[in-house]
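Visitor: I am new to this structure and should be grateful for a close look at a single part of it. Kindly begin with the whole, and then explain the chosen part with care.

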Amino acid sequence: MRLHRVVALLSPPQSPFELACAAEVFGMVTTDAPTRYDFRICAETPGPLLTTAGYPMIVDTGLDALGEADTVVVPGRRPPAAPVPPTVTGALRAAHGRGARIVSACTGAFVLAAAGLLDGRRATTHWRHAARLASDFPEVRVDPGVLYVDHGDVATSAGTGAGIDLYLHLVRRDHGAAYAAQVSRNMVLPPHREGNQLQYAARPVPARSEESLAPLLDWAADRLGTRLTVDRLAERAGVSARTLARRFTEQLGTSPGQWLLRRRLEAARELLERTDLPVEAVAARVGLVSAVNLRRRFRAGLGTTPGAYRRAFGQAR
């Protein structure tokens, strides 16, 4: 299998951590997961590149590397609104024009916006800089709440942690949920986070430990095939359905019903990838009751059918 080439475009002063997030997802080689990506770095000018950690980073490849990239990653930059050289914006437009996927993390969205790749599109960046992005680029529809926005050819994420969310989402889209789960397990991270970035943006009063949803989520995740309703979840948590809905909104940025549906679809994806179970059996195991319901939910949530997903990502022998 030809490796998917990912090239990270760096700019001074580069945060090593911002770069490492992309390198960990796309560049890590492990014994328990096949290598699917070839990860490289480049900069406008090859040579020593200043970093925010106080040491220079040697970058031996210039913008020509973007001409061979299948995906271009633009990590967060400092300061966010610093001018972007025309050579960089031109190289990004050229890469996008020939079919490369262009991805930004955190304040890297300012670079994509400067290249005109976000014009007329919904995009996001770190919540602290969302207003500045909207002000500097009024043609971009900035959404300050979401963790990431993926248009297929162009994608943007919120802060650095949301960059990892986006990268794992892209791996999941490229190679399926099971492979993405292997990558995330090696990073000791969940393969998917619920909610939006506003749950991280200045909360004056932290949730009391007894109000944490974590025990309830673990309990529900182990019982997806049973009859789980909002009322049953509320009963398990010892609160009213209204209080439960409020806690889900505060802690996860979503509703109990939407969280449960996403969990069931994720479980269905893994069963479709790893087993030969009939679609009817998959639906029953994840609590979606019937093949008809599973197909309807799959189409609405993922834009495909269970059968087509299994043909694309199935690993069962």
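Guide: The account below passes from the overall fold to one cysteine and its surroundings, and then to other places in the backbone.

The model is a predicted one. Its secondary structure consists of 13 helices and 10 strands. With a radius of gyration of 21 Å, close to the 20 Å that the globule rule gives for 317 residues, the protein is as compact as a globular protein of that length. Its C-alpha atoms occupy a box of roughly 60 × 50 × 35 Å along the principal axes. Of the 317 residues, 48% are buried. Among contacts between residues at least 6 apart in sequence, 64% link residues at least 24 apart.

The part chosen for the close look is cysteine 106. This residue belongs to the loop between strand E6 (101-104) and helix H3 (109-114). Most residues other than glycine have a negative phi, and most peptide bonds are trans. Cysteine 106, although not a glycine, has a positive phi of about 55°. Its relative accessibility is 7%, and because buried means under 20%, cysteine 106 counts as buried.

One contact of cysteine 106 is with threonine 160. Threonine 160 lies in helix H5, which covers residues 160-175. Leaving aside residues up to four places away in sequence, threonine 160 also touches Phe17, Glu18 and Cys21. The relative accessible area of threonine 160 is 19%, so this residue too is buried, the limit being under 20%.

Valine 289 offers a useful companion to the cysteine. This valine likewise has a positive phi, of about 75°, and is not a glycine. Its place is the loop between helix H11 (279-285) and helix H12 (291-302). Where cysteine 106 is buried, valine 289 is exposed, with a relative accessible area of 66%.

The backbone also contains cis peptide bonds. One runs from proline 12 to proline 13, with omega near -10°. Proline 13 sits in the loop between strand E1 (4-10) and helix H1 (16-26). Another cis bond joins arginine 78 to proline 79, with omega about -15°, and proline 79 is in the loop between strand E5 (71-74) and helix H2 (86-97).

A helix completes the tour. Helix H10 (residues 256-274) has 19 residues and reaches 27 Å from its first C-alpha to its last, close to the expected 27 Å. Its buried residues include Trp259, Leu260, Arg264 and Glu266.

Definitions and conventions:
Residues numbered from 1 in each chain as written. Predicted model: local features only at pLDDT ≥ 70, side-chain atom pairs only at ≥ 80, totals over all residues. Heavy atoms only, no water. Helix = DSSP H or I, 4+ residues; strand = E, 2+ residues; numbered from the N terminus. Rg over C-alpha atoms; globule rule 2.2 N^0.38 Å. Buried < 20%, exposed > 50% of the residue type's maximum accessible area, 1.4 Å probe, protein only. Contact = heavy atoms within 4.5 Å. Expected span 1.5 Å × (residues − 1).
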